[in-house]
Amino acid sequence: MKKLLRHVLVTLSATMAILALGTCLSSGQAVTPAPTTLPSPPPLLLGTAWYPEQWPESRWETDLDLMQKANIHFVRVGEFAWSTMEPAEGDYHFGWLERAIDEAGRHGIYTVLGTPTAAPPAWLTQKYPETLRTLPNGRKAEHGNRQQFNWDNAKYRELAHDIASHMAQRFGHNPYVIGWQIDNEYAVVSYDAQTRANFQDWLKNYYGTLANLNARWTTSYWSQTYSNWNQIPIETKPGNPGLLLSWKRFVSDTWRSYQKNQIDAIRQYAAPRQFITTNMMGWFNGYDHYVVAKDLNLAAWDDYVGQGHFNPIKNGSADDLTRGFKQKNFWVMETQPGHVDWAGINNDLNKGEVRAMAWDNVGHGADAISYWQWRSALNGQEQYHGALIGADGTPVPLYYEVAQMGREFMRAGPTLAHTSPHSQVAILHSYPSFWAINWQRQNKNYDPIEELLSYYKRLRELAQSVDIVQPTVPLDQYKLVIAPGLNVLSQSAARNLILYVSHGGNLVLGQRSGMKTSDNALQPERQPGPLVPLLDGRVEQYYALLHPVPINGQFGDNTSKLWAEILSTSSPDTKVLERYGKSNGWLDGKPAIITRKVGKGSITYVGVWMDDAGMKKLTEWLMQKSGVQPAFGPVPAGVDVNARYGNNHTVFVLTNFASDSQTVKLPEPMWDVLDGATVSSVTLPQYGVSVLSEKTKQ
Ligand code: GAL
């Protein structure tokens with residue numbers, strides 16, 4: 001309570017200073033320059049993407065008033081505004097931007113400044129056509145949309161560096177600018193001749209010699225042997241797996257250096273307190289997000305439902321994935337205010353659903369939620385997209401729901417400050433593994449993310465908290481680690497897993513694990529490759545399935561769909577937990593899940609894609625065996641619960657996505673942060689939210 005009061009006082013004094021400044025303005029007195037020190041922004045931030053360049057300056061005050069009333073405390077400004085910032089080469093116009101930022105600041109609204117490089121202006125592409133990206137069919141992208149630039153082009157990087165550094169010189173010490181967003185949603189790449197030459201240089205650097213590359217890619221196959229680096233193509237169709245994976249690594253490194261070019265430009269002038277991020281896209285897999293996130297201070301993603309309704313598993317897993325990029329709290333940099341304009345049917349989220357979705361993000365570790373966008377431009381490609389105010393400039397119905405969240409964020413912020421999710425369970429995800437399976441699904445319905453989610457879904461229900469991290473991070477903090485499809489298993493990842501088990505960890509390998517080397521070549525030993533000795537067992541053969549096949553054993557009678565692997569054990573230490581029932585003859589009676597105790601730890605290999613019921617039993621057994629406790633305790637179906645831990649307290653965020661009201665009995669009395677009372681149970685209507693705080697037991 002004291003903390004809350006302190007925060008309210010700090011915020012009040014800041015607001016009063018800001019209001020006083022506003023009064024000076026309206027009474028025509030001289031404008032006091034922006035203060036150089038400001039209170040920190042509220043710990044839980046509500047924001048919106050604001051495009052002041054699309055509106056007359058005389059309108060800004062009204063917009064900012066409406067934002068302030070909704071407790072919106074940050075705007076994301078500047079991305080896509082290159083043609084307004086630099087209407088002709090070298091002719092910089094930042095005055096409008098400075099006025100927008102400062103005016104927002106006077107409303108208690110901070111700014112995240114976007115570099116505008118996802119939308120190069122027409123003069124630029126006209127003068128420097130070499131900066132346009134080349135499509136896989138050889139045609140050049142054209143002006144008139146966005147993302148027409150080539151991420152690997154030296155001239156484009158020079159121009160991007162230039163605009164970013166001019167922005168940083170002007171705004172790197174602006175007290176209202178709290179951070180930077182580089183570009184927007186990295187996605188499309190280029191297939192031009194220079195990029196191909198750069199890829200060949202990258203390969204030279206990675207492989208050293210052609211002999212090494214030829215050996216590791218087995219290029220004697222189909223006479224692919226290269227005698228000169230310049231013979232190596234960019235493969236856009238299924239092709240040599242080593243080449244495909246290398247191209248993706250090159251793409252990832254090139255996004256990283258594209259981003260680093262702008263980070264360096266900004267860092268040269270910006271105050272260290274300003275963070276740098278970019279807005280990623282959840283499970284989008286165009287590049288290795290762990291690589292690109294390395295140079296960022298903060299991970300952020302754009303969370304869109306599109307057609308349909310909020311799905312806590314799909315959404316929550318993307319939150320957890322994003323949290324894993326920096327292994328700390330993250331931001332939702334864009335989310336939909338009701339509906340989008342790009343799905344098959346752009347239905348609105350139901351009344352209350354937007355708020356529940358935002359709180360669910362917060363539960364998963366989001367410290368900011370920002371709506372895209374504040375107001376639709378009168379023209380431009382996205383006229384039908386949801387916004388918080390209409391084309392007429394007055395609030396749409398959803399504005400009031402967002403304003404309610406704004407009040408709640410202010411109330412709950414101090415309790416949520418310095419808290420973050422920590423799980424006892426980790427799921428390992430790697431982009432090379434995802435790509436490797438995806439390029440050669442072998443069963444067209446085999447989606448590696450769906451397979452990962454089959455574990456995630458049940459573990460979320462049981463443990464109520466799951467981290468998603470890459471296989472090379474330290475794992476000792478976890479009681480249970482699941483690697484659902486670690487198809488490409490590098491030596492360093494294998495060593496990390498062996499270390500984890502030898503320290504008493506419980507490791508579970510799913511289908512297709514340990515099949516490939518880091519060159520996407522088959523391991524010269526059966527799956528799971530370098531982990532065979534630890535398992536004292538291996539995969540004898542894999543089968544793509546037309547229909548689910550029966551399995552039975554410790555977890556009852558279940559099925560495996562899409563894929564089945566026959567396992568074998570090579571020591572009596574390794575126990576068979578499940579076997580296949582009668583199906584194609586090959587599988588009949590053969591081991592399907594095996595496990596081995598290793599000291600205090602264990603390794604388990606699951607050769608099946610369990611149906612939901614089987615997965616429930618399997619994960620219950622794993623939780624029990626590894627001592628994983630649920631973060632909260634039993635909740636009715638449809639209620640999502642998330643925990644964020646601080647030094648002295650834990651905050652639980654409960655959201656009800658069931659179609660009717662649900663009562664949750666709390667494991668012990670807790671402080672209801674939004675209602676301001678101690679409660680021992682809460683009743684949540686559909687889309688109801690409860691934020692509960694519990695003192696940590698000493
Ligand atoms: C995002 C993009 C935004 C806006 C939004 C519409 O992908 O970053 O600029 O276009 O989609 O849903």
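**Figure 1. Cavities enclosed in the predicted model.** Three cavities of 30 Å³ or more are counted in this protein. The model is a predicted one. The largest cavity has a volume of about 120 Å³. About 40 Å³ of space lies in the second largest cavity. Figures 2 and 3 take these two in turn.

**Figure 2. The largest cavity and its lining.** The lining of the largest cavity is made up of 14 residues. Closest to the cavity centre are His429, Phe434, Pro448, Leu452 and Gly485. Two helices, helix 14 (431–439) and helix 15 (448–463), each supply at least two lining residues. Helix 15 gives the largest share, four residues. By residue class, the lining holds nine nonpolar, four polar and one charged.

**Figure 3. The second largest cavity and its lining.** Asp320, Arg323, Gly363, His364, Pro421, Arg460, Gln464, Ser465, Val466, Asn642 and Ala643 line the second largest cavity. Helix 11 (312–326) contributes at least two of these residues, and strand 21 (639–645) also contributes at least two. The lining divides into three nonpolar, five polar and three charged residues. The charged members are Asp320, Arg323 and Arg460.

**Figure 4. Threonine 117 and its contacts.** Threonine 117 sits in the loop between strand 3 (110–114) and helix 5 (122–127). Its relative accessible area is 0%, so threonine 117 counts as buried. Beyond neighbours within four places in sequence, threonine 117 is in contact with Trp82, Phe149, Tyr156, Ala160, Ile163, Asp183, Tyr258 and Gln262. Alanine 211 lies 94 residues away along the chain from threonine 117. The C-alpha atoms of these two residues, threonine 117 and alanine 211, are separated by 40 Å.

**Figure 5. Glycine 344 in an exposed loop position.** Glycine 344 belongs to the loop between strand 8 (330–335) and helix 12 (353–363). Its relative accessibility is 70%; the cut-off for exposed is over 50%, so glycine 344 counts as exposed. Glycine 344 and glutamate 235 are 109 residues apart along the chain. Their C-alpha atoms are separated by 31 Å.

**Figure 6. The cis peptide bond at glutamine 373.** The bond from tryptophan 372 to glutamine 373 is cis. Its omega is near 5°. Glutamine 373 lies in the loop that runs between strand 9 (366–371) and helix 13 (397–416).

**Figure 7. The cis peptide bond at proline 528.** Glutamine 527 is joined to proline 528 by a cis peptide bond. Omega is near 0° for this bond. Proline 528 is placed in the loop between strand 13 (506–509) and helix 17 (532–535).

**Figure 8. Positive phi at threonine 218.** Threonine 218 is not a glycine, yet its phi is positive, near 50°. The residue occupies the loop between helix 8 (210–217) and helix 9 (241–267). With a relative accessibility of 43%, threonine 218 counts as partly exposed. This value falls between the cut-offs of 20% and 50%, which is why neither buried nor exposed applies to threonine 218.

**Figure 9. Positive phi at tyrosine 687.** Tyrosine 687, also a residue other than glycine, has a positive phi of about 65°. Strand 24 (677–684) and strand 25 (689–695) flank the loop that holds tyrosine 687. The relative accessible area of tyrosine 687 is 8%. Buried means under 20%, so tyrosine 687 is buried.

**Figure 10. The whole protein, for orientation.** The secondary structure comes to 18 helices and 25 strands. Along the principal axes, the C-alpha atoms fill a box of roughly 85 × 70 × 45 Å. The radius of gyration is 27 Å. A compact globule of 698 residues would have a value near 26 Å, so the protein agrees with that expectation. Of the 698 residues, 60% count as buried. Among contacts between residues at least 6 apart in sequence, 72% join residues at least 24 apart. The accessible surface comes to about 27800 Å². Carbon and sulfur atoms account for 53% of that surface.

Terms used: Residues numbered from 1 in each chain as written. Predicted model: local features only at pLDDT ≥ 70, side-chain atom pairs only at ≥ 80, totals over all residues. Heavy atoms only, no water. 1 Å grid on protein atoms, 1.4 Å probe; cavity = no way out; pocket = protein on both sides within 12 Å on 5 of 7 lines; lining within 4 Å. Points joined across faces, edges and corners; volume = space filled by probe spheres on them. Rg over C-alpha atoms; globule rule 2.2 N^0.38 Å. Buried < 20%, exposed > 50% of the residue type's maximum accessible area, 1.4 Å probe, protein only. Contact = heavy atoms within 4.5 Å. Areas by Shrake-Rupley, 256 points an atom, 1.4 Å probe, with all protein chains shown as cover.
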